[in-house]
Amino acid sequence: MTEYTSDLLRLLEARGYIHQVTDASALDALAARTVVPGYIGFDPTAPSLHVGSLVQIMLLRRLQQTGHKPIVVMGGGTGKIGDPSFKDEARKLLTLDTLGQNIASIKRVFERFLTFGDGPTDAIMVDNAEWLDRLEYIPFLRDVGQHFSINRMLSFDSVKLRLDREQSLSFLEFNYMILQAYDFLELSRRVGCRLQMGGSDQWGNIVNGIELTRRMDGVEVFGVTTPLITTADGGKMGKTMSGAVWLNEDSLSAYDYWQFWRNTHDKDVGRFLRLFTDLPLDEIARLEALEGQEINQAKIVLANEATAMCRGREAADDAAETARRTFEEGAAGEALPTLAVPGGSIAIVDALVGLGLAASKGEARRLIKGGGARIDGEKVSDEALVVTVGTEPVKLSAGKKNHGVLTA
């Protein structure tokens with residue numbers, strides 16, 4: 001482990017956020033003596049970010065916790081193009097109205113994690129459309145384009161992946177890395193930004209921005225990337241059978257969010273506690289040392305703390321109580337996903353899909369065939385079953401941990 005002197009890099013190292021750093025000693029010295037404004041960009045491709053973006057949001061939180069200034073950059077400009085990094089195909093282009101709506105929706109979640117304001121370490125949020133929309137093509141090519149080598153851009157893994165597979169990479173997408181580099185230059189000029197952070201797939205884009213800022217303005221800026229967060233079974237962080245784990249309340253219930261963390265693999269508990277909660281490291285060490293059934297205590301702590309940070313303590317407590325009642329007492333629980341059944345009857349396949357316990361009718365049938373579907377605790381074997389709902393709610397289960405309620 002590297003011996004850093006700044007609180008920032010010491011904290012990031014201790015909690016497992018660091019994958020690569022440009023000129024670590026110079027960044028460490030800078031962070032030890034002054035406030036470092038640092039940014040991460042988020043493209044508004046949906047009304048909510050999902051758990052896959054959470055490590056970056058937490059990175060901004062750690063920046064602020066150690067006395068530095070977080071800058072949240074919404075990609076209102078770059079979002080009109082889409083980042084080609086490690087994508088198999090071009091992203092669907094979004095309308096301006098959709099981009100604006102998505103940005104407004106996404107903004108809400110950051111207020112849970114960061115303190116915004118006008119102070120030296122208060123977070124700010126900017127939209128890169130402010131400067132990208134005003135660019136003039138010929139002056140931009142002359143002033144900025146001269147600093148980019150096509151040969152070098154073709155060597156980046158994000159581009160090579162598409163070309164090696166003989167998949168189309170449009171000129172529109174190819175420009176994305178230039179625009180992201182220009183973001184760093186603009187942020188350096190506008191708000192004195194000295195640091196860009198991002199996932200390991202952003203390394204090439206970050207380096208481009210550092211070199212552009214140095215060449216055009218002679219300013220020393222830095223980059224930090226985080227490791228790719230995968231689960232112990234090799235899966236991608238934030239992907240489940242039911243789909244993405246959204247951060248916004250109106251995209252995913254607090255109970256389902258809590259349940260996602262409760263279902264963490266035993267081997268991931270300690271790492272996720274370090275990355276996604278504010279618990280002290282010595283407490284995390286105690287929790288991850290638990291064995292056997294006791295490790296479930298650590299998973300509940302993880303679920304409580306992660307949910308409280310994103311959805312509020314009351315929502316976390318409610319979700320934990322619902323889980324306790326569901327699993328310990330067999331009750332339905334008020335915060336479980338609920339589906340009203342007009343007429344009082346519904347096909348079991350439709351009920352499983354409607355409650356989000358299966359992503360499709362085909363998946364619902366496979367769940368039933370595999371013995372994973374239950375009604376009020378009783379296994380379902382008939383794919384054509386019609387469930388009747390009377391005055392009492394009916395509890396449906398997919399496996400041992402995912403539940404929902406049918407009401408008349």
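In this predicted model, Leu355 sits in the loop that joins α17 (348–354) to α18 (361–369). Leu355 has a relative accessible area of 7% and is therefore buried, the limit being under 20%. Beyond its neighbours within four places in sequence, Leu355 is in contact with Pro337, Thr338 and Leu339. Further contacts of Leu355 are made with Leu396, Gly404, Val405 and Leu406. Leu94 lies 261 residues from Leu355 along the chain, and their C-alpha atoms are separated by 29 Å.

A second loop residue, Asp122, is placed between α4 (96–113) and β4 (124–127). Asp122 is buried but has no salt bridge. The nearest side chain of opposite charge belongs to Lys69, 6.3 Å away. A salt bridge requires nitrogen and oxygen within 4 Å, so the pair does not qualify. The side chain of Asp122 instead reaches the backbone nitrogen of Gly119, at 2.8 Å. Leaving aside neighbours within four places in sequence, the residues in contact with Asp122 are Gln64, Lys69, Pro70, Thr115, Phe116 and Gly117.

Side chains of opposite charge can pair when their charged atoms come close. The count of salt bridges comes to 18. One of them joins Asp278 and Arg61, with an N to O distance of 2.5 Å. This pair links distant parts of the chain, 217 residues apart. Asp278 belongs to the loop between α13 (269–276) and α14 (281–288), and Arg61 to helix α3 (residues 54–65). Asp278 is partly exposed, with a relative accessible area of 31%, whereas Arg61 is buried at 16%. Arg61 and Asp278 are also linked with Arg62 in a network of salt bridges.

Asp268 and Arg271 form another salt bridge, their closest N and O atoms lying 2.9 Å apart. Asp268 is buried, at 3% relative accessibility. Its partner Arg271 is partly exposed, at 29%. In a further salt bridge, the side chains of Glu305 and Arg313 meet at 3.4 Å, N to O. Glu305 is partly exposed at 22% relative accessibility, and Arg313 is partly exposed at 41%.

The protein chain as a whole contains 18 helices and 15 strands. Its radius of gyration is 24 Å, which agrees with the value near 22 Å for a compact globule of 408 residues. Along the principal axes, the C-alpha atoms fill a box of roughly 70 × 50 × 40 Å. Of the 408 residues, 50% count as buried. Among contacts with a separation of 6 or more, 72% come from residues 24 or more positions apart. The accessible surface is about 19,100 Å², and carbon and sulfur atoms account for 50% of it.

Technical notes
Residues are numbered from 1 along each chain as its sequence is written. This is a predicted model: local features need pLDDT of at least 70, side-chain atom pairs count only at pLDDT 80 or more; totals for chains, interfaces and linings use all residues. Side-chain values use heavy atoms; hydrogens and water are left out. Helices (H or I, at least four residues) and strands (E, at least two) are DSSP runs, numbered from the N terminus. Buried means under 20% relative accessible area, exposed over 50%, partly exposed in between (1.4 Å probe, protein chains only). Contact means heavy atoms within 4.5 Å. Lys and Arg count as positive and Asp and Glu as negative; His and the chain ends are not counted. A polar contact is a pair of N or O atoms within 3.5 Å; within protein, one must be able to donate a hydrogen and the other to accept it, and residues adjacent in sequence count only if both atoms are side-chain atoms. The radius of gyration is taken over C-alpha atoms; the globule rule is 2.2 Å times the number of residues to the power 0.38. Accessible areas come from the Shrake-Rupley method with a 1.4 Å probe; for residues, only the protein chains shown count as cover.
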